[in-house]
Amino acid sequence: MTGLNKEEVKVDVEEGGVLQISAERSVQREENNGDAMHRVECATGRFSRSFTLSANARMDQLKTSIDNGVLTVTVPKDDLNLLHVVSN
């Protein structure tokens, strides 16, 4: 995610516990060397990744941060030892 800031990265949790991370970047460089040359370069890129979260993921407590191009996504989980299924 080098070169992206937090406004360009989108993190969503979709129905069914799917974590969706996407970003789009558009860069335009212009070089003008008087009357001899005028050049404009445009570069765009888009990416998207999806991850299915476990059933015990606490999606309401999801936290994200981006620092020096590194995206960190923290998803707390319930302790599986505390989850018990009672059947008759």
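**Hairpins, sheet and salt bridges**

Visitor: Let's start at the hairpin of E1 and E2: which residue there takes a positive phi?

Guide: Keep in mind that this is a predicted model. Three residues sit between the two strands of that hairpin. The positive phi, near 85 degrees, belongs to Gly16.

Visitor: How many bridges hold E1 and E2 together?

Guide: E1 covers residues 9-14 and E2 covers residues 18-33, and the two pair in the antiparallel sense. Val9 has Ala23 as its bridge partner in E2, and Lys10 stands opposite Ser22. For the whole pairing, the number of bridges is six.

Visitor: And how many bridges join E2 to E3?

Guide: E3 spans residues 37-52 and runs antiparallel to E2. One of the matched pairs puts Glu31 across from Arg39 in E3. The count of bridges joining these strands is 16.

Visitor: Which residue has the positive phi in the hairpin of E2 and E3?

Guide: That hairpin also has three residues between its strands. The phi in question is near 65 degrees, and the residue is Gly34.

Visitor: Which strands are at the edges of the open sheet?

Guide: The sheet has three strands in the order E1-E2-E3, with antiparallel pairing. An edge strand here pairs on one side only, and that fits E1 and E3.

Visitor: What is the average twist from one strand to the next in that sheet?

Guide: We're still on the open sheet ordered E1-E2-E3. Going from one strand to the next, the twist averages 10 degrees.

Visitor: Which strand gives the largest share of the largest nonpolar core?

Guide: The core has seven residues: Leu4, Val9, Leu19, Ile21, Ala23, Leu53 and Ala57. Three of them come from one strand, the largest share, and that strand is E2.

Visitor: Ala57 is in that core, but which residues does it touch beyond four places away in sequence?

Guide: Ala57 is one of the seven core residues. Leaving out residues up to four places away, its contacts are Val75, Pro76 and Lys77.

Visitor: Is Asn56 buried or exposed?

Guide: Asn56 lies in the loop between E3 and E4, and its side chain makes a polar contact with the side chain of Ser54 at 2.7 Å. Its relative accessibility is 9%. The cut-off for burial is under 20%, so at 9% Asn56 counts as buried.

Visitor: How far apart in sequence are the parts tied together by Arg46 and Glu24?

Guide: These two form a salt bridge, with the closest N and O atoms 3.6 Å apart. Arg46 is exposed at 68% relative accessible area, while Glu24 is partly exposed at 45%. Arg46 lies in E3 and Glu24 in E2, so the parts they tie together are separated by 22 residues.

Visitor: Which residues are joined into one network by salt bridges that share partners?

Guide: Start with Asp78 and Arg58, a salt bridge whose closest N and O atoms are 3.4 Å apart. That pair links distant parts of the chain, with Asp78 in the segment after E5 and Arg58 in the loop between E3 and E4. Both are partly exposed, Asp78 at 30% and Arg58 at 28%. Through shared partners, the network takes in Arg58, Asp60 and Asp78.

Visitor: How many salt bridges does a search of the whole structure find?

Guide: Another one pairs Lys10 with Asp12, the closest N and O atoms being 3.6 Å apart. Asp12 is partly exposed, at 31% relative accessible area. Across the whole structure, the number of salt bridges is five.

Methods. Residues numbered from 1 in each chain as written. Predicted model: local features only at pLDDT ≥ 70, side-chain atom pairs only at ≥ 80, totals over all residues. Heavy atoms only, no water. Pairing = 2+ DSSP bridges. Helix = DSSP H or I, 4+ residues; strand = E, 2+ residues; numbered from the N terminus. Buried < 20%, exposed > 50% of the residue type's maximum accessible area, 1.4 Å probe, protein only. Polar contact = N/O pair within 3.5 Å; in protein donor to acceptor, adjacent residues only side chain to side chain. Axes fitted to C-alpha atoms, helices over the stretch in contact; angles between N-to-C directions. Core = buried A, V, L, I, M, F, W, Y, C linked by side-chain atoms within 4.5 Å. Contact = heavy atoms within 4.5 Å. Salt bridge = Lys/Arg side-chain N within 4 Å of Asp/Glu carboxyl O.
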